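Please work through the structure shown below with a set of exercises, each followed by a solution that goes step by step.

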Amino acid sequence: MGRIIAIANQKGGVGKTTTSINLGAGLAMAGKRVLIIDIDPQGNTTSGLGINKADVKHCIYDVLINDVPPADVIRSTMIKGLHVLPATIQLAGAEIELVQVISRELRLKRALQQVREHYDYLLIDCPPSLGVLTVNSLTAADSVLIPIQCEYYALEGLGQLLNTIRIVQKHLNKHLEIEGVLLTMFDGRTNLSVQVMEEVKKYFQHKVYDVVIPRNVRVSEAPSHGKPIITYDPRSKGAECYIQLAKEVIGRER
Ligand code: ADP
Ligand code: MG
């Protein structure tokens, strides 16, 4: 049974999508069978993996709201072993529509049960909010991976995320654990990045991954080419670090 990891932080722009795509690609390159679930209405993971959203007829919205089997919606990507459950802007309506649905917090969990056995890792790219889509993700997941951007205010709002995790543990998913904390967009030239790193390590200790993702232009260019950094520029520092992250994630499971 595949391990389900929600990549969450309600702050936008901290590297959730970048990490979903590139950790997913790294795990697939290591020979794992990987499904990335895009549950952000912006659908950046979907397009970042080279899928034209205009061609997507059914997306995760149909899985959550209309009981379409996930297997009918899942797409393969240019990387062997890496699949994606796409999202389009249609998903924006789901937050409101789910309010009416019975067991609304369990929709994603139930859907993923149908495909889980076909994968080693299922990564959920969460939206930048703590609404019902993120709660669905945390309810479906075995663990949460929290990307933290090495910027001012990095730790602000983290209390809210941890509180949401505790509420989900209490009422919906008592086995939910913290998979790890990933420092992103690190710039070693600034004191600020170093300070944020120290503070995050003090708080999360061994949960913080050894690898730190540097700020790297190639990483930010890759999505517009519809490719993970590992295929867009395999020699870049960004590619190297995401491959390292995949190794750490695999190593921690053992
Ligand atoms: P989120 O999904 O949390 O909103 P993204 O992964 O979309 O965050 O990242 C926000 C922006 O920062 C994107 O434009 C992305 O390309 C860029 N970005 C992410 N990681 C890096 C990095 N390591 N170096 C440079 N730019 C990055
Ligand atoms: Mg995103």
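The exercises that follow concern a predicted model, and they go from the whole chain to single residues.

**Exercise 1. The chain as a whole**

Task: Determine how many helices and strands the protein chain has, and judge its overall dimensions against the globule rule.

Solution. Step one is to count the secondary structure elements, which gives 11 helices and seven strands in the protein chain. Step two is to compare the radius of gyration, 17 Å, with the 18 Å that the globule rule gives for 254 residues; the two values are close, so the chain is as compact as a globular protein of that length. Step three adds the extent of the C-alpha trace, which spans about 50 × 40 × 35 Å along its principal axes. Step four turns to the interior, where buried residues make up 48% of the 254 residues. Finally, among contacts with a separation of 6 or more, 77% join residues that are 24 or more positions apart.

**Exercise 2. The surroundings of ligand 1**

Task: Find which residues are closest to ligand 1, and which elements give two or more residues to its shell.

Solution. Begin with the shell itself, in which 18 residues surround ligand 1, the closest being K16, T17, T18, V219 and S220. Next, assign the shell to elements: those that give two or more residues are α1 (16-29) and α9 (217-221). Of the elements, α1 gives the most, with three residues. Sorting the shell by class then yields six nonpolar, 10 polar and two charged residues.

**Exercise 3. Helix α1 and the loop that follows**

Task: Test whether the end-to-end distance of α1 agrees with its number of residues, and describe what comes after the helix.

Solution. First, at 1.5 Å a residue, the 14 residues of α1 should span 20 Å, and because the end C-alpha atoms are 20 Å apart, expectation and model agree. Second, consider burial: 14 of the 14 residues of α1 are buried, so the helix is largely enclosed by the rest of the structure. Third, just after α1, G31 takes a positive phi of about 95 degrees. Fourth, R33 lies in the loop between α1 and β2 (34-38), and it counts as partly exposed because it has 16 C-beta neighbours inside 10 Å, between the limits of 12 for exposed and 20 for buried. Apart from its neighbours within four places in sequence, R33 is in contact with G81, H118, Y119 and D120. The C-alpha atoms of R33 and H83 are separated by 8.2 Å, although these residues are 50 residues apart along the chain.

**Exercise 4. The nonpolar core and helix α6**

Task: Identify the residues with the most contacts inside the largest nonpolar core, and then establish what the buried residues of α6 pack against.

Solution. The largest nonpolar core has 79 residues, and those with the most contacts inside it are I60, L123 and I124. Helix α11 (residues 237-253) supplies the largest share of this core, seven residues. To follow one of the core residues further, set aside the neighbours of I124 within four places in sequence; I124 is then in contact with I4, A6, I7, I37, I39, S137, A140 and A141. S137 and A140 are among the buried residues of α6. In helix α6 (residues 132-140), nine of the nine residues are buried, so this helix too is largely enclosed by the rest of the structure. Its buried residues pack against β1 (3-7), α4 (94-97), α5 (107-113), β5 (121-125), β6 (143-149) and α7 (158-171).

**Exercise 5. Positive phi and exposed loop positions**

Task: Locate D67 and Q205, and decide whether each is buried or exposed.

Solution. As background, most residues other than glycine have a negative phi. D67, which is not a glycine, has a positive phi of about 55 degrees. D67 is found in the loop between α3 (60-66) and β3 (75-76), and is exposed because it has 10 other C-beta atoms within 10 Å. Q205 likewise has a positive phi, near 45 degrees, and is placed in the loop between α8 (191-204) and α9. With 9 C-beta neighbours inside 10 Å, Q205 counts as exposed. D210 is also placed in the loop between α8 and α9, and with 11 C-beta neighbours inside 10 Å it counts as exposed. The C-alpha atoms of D210 and Q244 are separated by 9.0 Å, with their positions 34 residues apart along the chain.

Definitions and conventions:
Residues are numbered from 1 along each chain as its sequence is written. Chains are lettered from A and ligands numbered from 1 in the order in which they are written. This is a predicted model: local features need pLDDT of at least 70, side-chain atom pairs count only at pLDDT 80 or more; totals for chains, interfaces and linings use all residues. A residue is near a molecule or strand if its C-beta atom, placed from the backbone, lies within 6 Å of it. Helices (H or I, at least four residues) and strands (E, at least two) are DSSP runs, numbered from the N terminus. Ala, Val, Leu, Ile, Met, Phe, Trp, Tyr, Cys and Pro count as nonpolar, Asp, Glu, Lys and Arg as charged, and the others, Gly among them, as polar. A nonpolar core is a set of buried Ala, Val, Leu, Ile, Met, Phe, Trp, Tyr and Cys residues joined through C-beta atoms within 7 Å. Two residues are in contact if their C-beta atoms, placed from the backbone, lie within 7 Å. The expected span of a helix is 1.5 Å times one less than its number of residues. The radius of gyration is taken over C-alpha atoms; the globule rule is 2.2 Å times the number of residues to the power 0.38.
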